[in-house]
Amino acid sequence: MTTTRSSRSPLTRRHFLGHLGAIGGSSLVMSALSSWDLMAAEAGKRPELSGRPSKAKVLVLGAGLSGLALSYELSKLGYDYQILEARDRVGGLVWTIRGGATHTEIGGERQTCKFDEGQYVNAGPWRIPYSHTGILGYCRELGVPMEMFVNEAENSYFYYEGAEAGSLAAKRVRLREIKADIFGQVNELLVKAIDQHALDLPMTAEDQEQLVRFLSNHGYLDLKDHRYKAFVDRGPGDPYKLSALLGAGFGNRLRSVPQAEGTQAGTMFQPVGGMDQIPKAFARALGPNRITHNAEVQTIRQDDHTATVVYRDTKSGKTQTVTADYVVICLPMSILAGIDCQLSPETMAEVRGTRVSNSAKVGLAMKRRFWEEDDEIFGGHLYSNLPIGEFSYPSTGYFSRKGVLLGLYANGPVGDLMNKSVAERVEHVLLHSSKVHPQIRREFESAYGVWWQKVEYSRGGYASGPPARRALLSKMENRLLIGSAVTAPYSQPDWQEGAIAAAWQALTSLHQRAMSA
Ligand SMILES: Cc1cc2nc3c(=O)[nH]c(=O)nc-3n(C[C@H](O)[C@H](O)[C@H](O)COP(=O)(O)OP(=O)(O)OC[C@H]3O[C@@H](n4cnc5c(N)ncnc54)[C@H](O)[C@@H]3O)c2cc1C
């Protein structure tokens, strides 16, 4: 504690903090805690279970991340289990598109990927925040090599169209210019106000001096006259006017610290070579005979003694019947809604009521990494209001010749693009992205797009829903239990962490039930 010398406002530092607390500090702390409680992003702690039940044959439906993580833990506990998976690959939404990948849209066209060897785009998950310790723990345990995913690159462009962007409409402005000019000018204003005693600050002269020093350093102000001027690290050119930057809405993207999740999150990771390295590592750990592929589940029934699943072998067209003591359903809710399943009518109503995202991604293979060579952009995103959602640069293969851009990433409809032909969709992406990168048409090689609502065995992207619905869906009903990400108790289901959290929850319920049988 320091005793102040100011005659103007003889407050001690303790008083100063106390004063702030009285104004709003404690209520801020309270609201921060309660919102943290709500958002808690991690899967929690991996359950530590023991004991081996006598009757313990389990069928896991779906080899997405939830089904794989659950099976991996079941194997550790010594359960006899089998996964039924409709596709000929594992991972579900975790799908990395490489040359040769192919799919036919529901009611639509067939695409075959023409990317070069080593090039890829993640059609589903593509980044993992450092706070998602459940999924990252498995990456460590299963030996999946990881690298940094770059969310924010200072050289990225902002590009806003429309009258609301004012004098900066349809102009490429670098993130570093925006940060420098906004913080610099705001800080200059604050310093001016402090110097002129225009702010009634409950601070000592010494505290005010320190605040001025901080604002000057932070905003790169001239240390003598405390004015903001062009400076080397901002890059060439005159500063943009504060009113123009704020008016364009650029400032709304800036944060004091990175968010925990999403496009503005700080440290994030991706598996080297594509997100599907995670489900592939799980599948290797399970061994060769635990997953039955091309097994399209059609009926799920139960009685007091057993659970029965009927599936269609999509290769032979024949139906097969399998029985087990328990069935854990790790399917998308959009698929379960159409399956003849003996969960209670109330639960099935919740299944049908679950919202699934209308996600789409388009990968654009480029002959040349012009964003690196011409624009010095290494990873990160374009910030725009163009109708392409997120547009992103690869966080891998820097300084190599070719690369795959994420030309479009949307989690809602982009006009009626979903109902257009594949060629029309690609043209839409090239048309809009070439406003920022005119080289894009010349360097364009091929594209691959995934509209998840039109993908069989997914019929939508990630699930979402209020905690109450998630809790209801997670209840074990005699021998049946839902274990896919939609039931995530802690993390939101729209992350792989949600799939892990859901798997752990299902494992705990199942084991308790099996041990008491
Ligand atoms: C576009 C997009 C971007 C995302 N971005 C991120 C991200 O950056 N980071 C992140 O952590 N998460 C992200 N996610 C979320 C993440 O992908 C999901 O939360 C997670 O993969 C869900 O796993 P799951 O096992 O619950 O479901 P799914 O992956 O849907 O698995 C279900 C499985 O069931 C199988 N199946 C379907 N029908 C049948 C049937 N009839 N019979 C047998 N099997 C069947 C499917 O083939 C699939 O393997 C993203 C999702 C999307 C769509």
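The legends below describe close-up views of a predicted model. Residues are numbered from 1 along each chain as its sequence is written, and side-chain values use heavy atoms, with hydrogens and water left out. Because the model is predicted, local features need pLDDT of at least 70 and side-chain atom pairs count only at pLDDT 80 or more, whereas totals for chains, interfaces and linings use all residues.

**View 1. The shell of residues around the ligand.** Of the 38 residues around the ligand (a residue is near a molecule if one of its heavy atoms lies within 4 Å of it), Ser 66, Glu 85, Arg 127, Ala 485 and Gln 496 come nearest. The shell divides into 23 nonpolar, 10 polar and 5 charged residues, where Ala, Val, Leu, Ile, Met, Phe, Trp, Tyr, Cys and Pro count as nonpolar, Asp, Glu, Lys and Arg as charged, and the others, Gly among them, as polar. Domain 1 (57–91 + 277–355 + 462–516) and domain 2 (96–126 + 358–454) both give residues to this shell, so the ligand lies between them; the domain bounds come from an automatic or database domain assignment.

**View 2. Polar atoms beside the ligand.** A polar side-chain atom of Ser 66 lies 2.7 Å from an oxygen atom of the ligand, while a backbone N or O atom of Val 297 lies 2.9 Å from a ligand nitrogen atom. The protein covers 98% of the 1,000 Å² of accessible area that the ligand has on its own, an area that comes from the Shrake-Rupley method with a 1.4 Å probe.

**View 3. An antiparallel pair of strands.** Strand 19 (residues 360–366) and strand 22 pair in the antiparallel sense over 7 bridges; strands are DSSP runs (E, at least two residues) numbered from the N terminus, and two of them pair if DSSP finds at least two bridges between them. Ala 365 stands opposite Val 404 in strand 22. In strand 22 (residues 403–410), 8 of its 8 residues are buried, which means under 20% relative accessible area (1.4 Å probe, protein chains only).

**View 4. An open parallel sheet.** Here 5 strands form an open sheet in the order 12-2-1-16-25, with parallel pairing. Strand 12 (291–292) and strand 25 (480–482) stand at the edges, each with a single partner strand, so one side of each is left without a neighbour in the sheet. Strand 16 (residues 326–329) is joined to strand 25 by 3 bridges, and the bridge partner of Ile 329 in strand 25 is Ile 482.

Definitions and conventions: Polar contact = N/O pair within 3.5 Å; in protein donor to acceptor, adjacent residues only side chain to side chain. Buried < 20%, exposed > 50% of the residue type's maximum accessible area, 1.4 Å probe, protein only. Helix = DSSP H or I, 4+ residues; strand = E, 2+ residues; numbered from the N terminus.
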